[in-house]
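Here's a quick walk through one model, taking the sheet, then the core, then a couple of residues worth a click. Keep the viewer open while you read.

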Amino acid sequence: MLAVADGTVHRVGTLPISGNRLWLHTAAGDAFFYAHLSAFSPDAENGRKVKAGTVLGFTGNTGDAEPTPPHVHFEIHPGGEDEDAIDPHAILLAWQQHRDVAPGAWLTRHGGDTAQRPGALVEVRDFIAGD
């Protein structure tokens, strides 16, 4: 799991629900939350300044995610960790396509698209066993 932006690592630790978790805060005041990590990298230290792309941890299923397949719970909190998380879909698509995030994409909770979205179904297959 990589740092999605330049920033400072905070609140590295373990809790019963989130398991191994950490926060990444940017100079612009935004925050990113990562949870259910299997382990932290050596760069995942409280107060450590990191660049985008720095390895912070590894995919896991710690905390209340123990019965699920390994994954990273990822949240985007524009304005800081005390602000509500937003739907990251538009932002993640923009990052995937290596382009800028559309103006207003951060503002979904302040007058933007707030439509309810269906949940996702995850199908797990064991390709080695042929399931």
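In what order do the five strands form the open sheet, and is the pairing parallel or antiparallel? The order is S5-S1-S2-S3-S7, and the pairing is antiparallel. Strands here are DSSP runs of E with at least two residues, numbered from the N terminus, and two strands pair if DSSP finds at least two bridges between them. S5 (49-50) and S7 (73-77) stand at the edges with a single partner strand each, so one side of each has no neighbour in the sheet.

Some bookkeeping before going on. This is a predicted model, so local features need pLDDT of at least 70 and side-chain atom pairs count only at pLDDT 80 or more, while totals for chains, interfaces and linings use all residues. Residues are numbered from 1 along each chain as its sequence is written, and side-chain values use heavy atoms, with hydrogens and water left out.

Back to the sheet: S2 (residues 19-25) pairs with S3 over five bridges in the antiparallel sense. One place to look is His25, whose bridge partner in S3 is Ala31.

Now the core. The largest nonpolar core (buried Ala, Val, Leu, Ile, Met, Phe, Trp, Tyr and Cys joined through side-chain atoms within 4.5 Å) has 15 residues. Leu22, Leu24, Phe32, Tyr34, Val50 and Leu56 have the most contacts inside this core. S2 and S3 each supply at least two of its residues, and S3 gives the largest share, three residues. Leu22 is in contact (heavy atoms within 4.5 Å) with residues including Val12, Phe32, Tyr34, Phe40 and Leu56, leaving aside neighbours within four places in sequence.

Two residues are set side by side below; buried means under 20% relative accessible area, with a 1.4 Å probe and protein chains only.

| Residue | Relative accessibility | Status |
|---|---|---|
| His36 | 7% | buried |
| Met1 | 18% | buried |

His36 is found in S3 (residues 31-37). Its side chain reaches the backbone oxygen of Thr62 at 2.7 Å. Beyond its neighbours within four places in sequence, His36 is in contact with Asn61, Asp64, His71 and His73, among others.

Met1 sits in the segment before S1 (7-15). Met1 and Val72 are 71 residues apart in sequence, yet their C-alpha atoms are 7.7 Å apart in space. Not counting residues up to four places away in sequence, Met1 touches Tyr34, Leu37, Leu56, Phe58 and Val72, among others.

Technical notes
Helices (H or I, at least four residues) and strands (E, at least two) are DSSP runs, numbered from the N terminus. Buried means under 20% relative accessible area, exposed over 50%, partly exposed in between (1.4 Å probe, protein chains only). A polar contact is a pair of N or O atoms within 3.5 Å; within protein, one must be able to donate a hydrogen and the other to accept it, and residues adjacent in sequence count only if both atoms are side-chain atoms.
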